[in-house]
Amino acid sequence: MTDVRRREITVRGIVQGVGFRPSIHHLAARLELSGSVRNTARGVVIEVEGPADVLAVFEAELIAHPPPLASIDECVSTDIPIQGGAGFQVVVSDTDPAEGGPTIRITPDAATCAACLAELRDPANRRYRYPFITCATCGPRLTVVTGAPYDRERTTMKAFTMCAACRREYEDPADRRFHAETIACPSCGPAIRLLDARGAPLAGDPLSEAGRRLSEGAIAAIKGLGGYHLACDATNPEAVARLRQRKHRDEKPFAVMFGTLAAIEQVCLLGEAEKALLRSPARPVVLVDRRPASVPPPIDDAIAPGMATIGAMLPSTPLHDLLMEAAGRPLVMTSGNSSHEPMVWRDEEVVERLGTIADIVLTHDRAIHVRCDDGVSRIVEGLALPIRRARGEAPRPIRLPRPCPVPLLATGGHLKNTFALGSSEDAFLSHHIGDLDDYAAVQAFRHDVRLYEAMLQIEPRAIAHDLHPDYESTRYAAERAAGEGVPLFAVQHHHAHIASCLAEHGWTEPVIGVAFDGSGFGGDGTVWGGEFLLGGAEQVVRAAHLRAVRMPGGEQAVHEPWRMALAHLLDAGCGIEAIQARHPRESSIVARLIERRINSPLTSSAGRLFDAIASLAGLADTASFEGQAAMRLEALVEGADTAGGYPFELRDVEGRIEIDTRPLIRAVSRDVRRGVAPGRIGRRFHAGLADAVAAVCMGLHKSSGYDTVALSGGVFLNRRLTVAIMGRLAGSGLRVLRHQRVPPNDGGLSLGQLAVAAARLRATPS
Ligand code: ZN
Ligand code: ZN
Ligand code: FE
């Protein structure tokens, strides 16, 4: 006699809006099990009945082969009384509010799946060449969602009434478009249009006409998933130069969209991990190494001046696939904005804001509800190192190692802002908001915080922010806290960096945190940025740091790395002739600023040290964006990481270890006078800095007993330095944590702030 049982299985994680219920239906039908599946606020609840051994197969399969976009956090299964009955039902009535404790999940946008791509290219299919083909496992999600739970009524697709054919697919549990909320076809769904720069319609087939004009050098504004891109022919130097000039963008690299992986490989060297990341459903921009200069570069050099990498991506929507086909060449695909403004995403703003940049506008009538830029990532030692977490990742939650005692908001930093909402163990990071220097960016930040709170139904009961009093994100936190009577948690910048690295690794033990970045408010009147912090989420102690030097002119030094070179030379007692020769008038003024300590705060910033070295090596006296000089330095470095690093000294200063940079500066200065090549100076600098970091970590390991090192801060986007430090520490038996899910730069701060506030709330007796 068979042992028949009925089990209730609750699956939590990203399981709604990803084709989970149809896949359960398929599996149950295949195993001839009866029961039902429904969406609830707790997750997907499955009831399934049949022979015990077959049920075991069902559960194993469920976990082993979820649909591609699903990710299961938790699967709880209990025996319930058997009911008999035949068949397996998909219960469509959505969330029962009485079930309480909602953890709303909004799925990230996902690139067109293989099955939809095949239909797109099949002349017999009714969606042949339809730019909005999607299914239950692919297409827009975050960017079209207007509320929760996820269904068509709460997306911007609500405006389109399904035709009978689409309706049939949508209602058939066996169809791969069962409850595909973005389902559409040429007869009932959105359509594309081509406009001129003043918004007037252009004649002809929009795609072939856009492709033709792009191939003739035009600049196009193109509506993507989360906003408008600006595009031009990446192989046409005049078009690229015109785009730079019209967009007021000096030298910051442009991302390039290629039609296929093979097209990227003609220009770049791809490993298996790069290929997998490029093809992943998130379809981020991936920084990949250019092929050596011996291959004639079909991509214009002005795409990424002075860089050894290109930001490459594959089409993420059917519209992009069709456009790439029509243009027949790689296209620059950069955010649709002017200089530092947020990306344009509202149709009504396109002509006003992009009309002076673009010649044509390829648009459509599916509204974007949530703005979202492209994500950017790179591969280091086979694993992802996120640079910007955005489309395709937001708002996938990061599971916190310890839950938030109350719902939390963390407002993030000032540059590369993201914010985060915490609810029990979930941390929902926003998409990349951008630099909050600009009025429009601050407005977008305020708008999006409220949007996420509504979408995820999280009402913060405490707010975390950066210690810096003048950040817009800090002001916003204070304003909200005062208005709503909730407590505030000020989190030191580098503490948040380390806490974010620990949070993404689920790490709760104390660590040696190395936070290297451009700058952060230290709280002691100096600008920090080369810090070694001992502790964990709740608290850290500053145990070591780079030697602090003057930062003449404050922020101006960020844009003029030669100022940092001068400051370091004077600090090390070296001659400043090389800098004087290049800046005869200004250098004496700047030297006087340093000497008299006028508008020249002390900084221990590692980013500024990179700037100084790049300037001394003659690579960059000015920077059009932060980190440019350091990236140039890294790009030029050739050869293996062998011995011969520049010397550093470790000194004890007020009970802390100081990495004395003066011996290094003297050695660099000597090499520059001898005419040593910049690439070699760069190599010796990276090696020396890695030696110094490893030595400090070993010292702190001995004194604290901690055996884990966490690397965070924007400097750890530098592949060479990261790999060099990891190699040295692993060789000494220390465990190293580095970022793989959120960026090491300020884009990851909000997660760290959230983790710190959660830890402090738990530590406070209520
Ligand atoms: Zn699909
Ligand atoms: Zn239809
Ligand atoms: Fe930072």
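This short presentation covers the zinc site, the cysteines and the aromatic contacts of the structure shown above, which is a predicted model.

I begin with the metal. The zinc ion (ligand 2) takes its protein donors from the SG atoms of C163, C166, C185 and C188, at 2.2 to 2.3 Å. Along the chain, these donors follow the spacing C-x2-C-x18-C-x2-C. The angles among the four donor atoms run from 104 to 118 degrees, and the site is tetrahedral. For reference, the ideal angle for four tetrahedral donors is 109.5 degrees. Two of the donor residues deserve a remark on accessibility: C185 counts as buried at 1% relative accessibility, and C188 counts as buried at 10%.

Next, the cysteines and disulfides. The count of disulfides is zero. C268, for example, is in no disulfide, and the nearest cysteine sulfur, that of C232, is 17 Å away. C268 is buried, with a relative accessible area of 0%.

I turn now to the aromatic rings. The whole structure contains seven aromatic pairs. One of them joins F516 and F532, which is edge-to-face because the planes stand at 90 degrees, with the centres 5.8 Å apart. F516 belongs to strand 23 and F532 to strand 24, so the pair ties together parts that are 16 residues apart in sequence. F516 also forms a stacked pair with F716, at 5.8 Å centre to centre and 20 degrees between the planes. This second pair links parts 200 residues apart, with F716 in the loop between strand 30 and helix 22. Both F516 and F716 are buried.

Finally, two arginines lie over ring faces: R244 over F254, at 4.2 Å from the ring centre, and R542 over W528, at 3.9 Å.

Methods. Residues are numbered from 1 along each chain as its sequence is written. Chains are lettered from A and ligands numbered from 1 in the order in which they are written. This is a predicted model: local features need pLDDT of at least 70, side-chain atom pairs count only at pLDDT 80 or more; totals for chains, interfaces and linings use all residues. Side-chain values use heavy atoms; hydrogens and water are left out. Donors are N, O and S atoms within 2.8 Å of the metal (3.2 Å for Na, K and Ca); water is not among the atoms, so sites may look incomplete. Four donors count as tetrahedral if all angles lie between 85 and 135 degrees; four count as square planar and six as octahedral if opposite donors are over 155 degrees apart and all others between 65 and 115; anything else is irregular. Buried means under 20% relative accessible area, exposed over 50%, partly exposed in between (1.4 Å probe, protein chains only). A disulfide is a pair of cysteine sulfur atoms within 2.5 Å. Rings of Phe, Tyr and Trp (its six-membered ring) pair if their centres lie within 6.5 Å; planes under 30 degrees apart count as stacked, over 60 as edge-to-face and the rest as tilted. Helices (H or I, at least four residues) and strands (E, at least two) are DSSP runs, numbered from the N terminus. A charge sits over a ring if NZ of Lys or CZ of Arg is within 6 Å of the ring centre and within 35 degrees of the ring normal.
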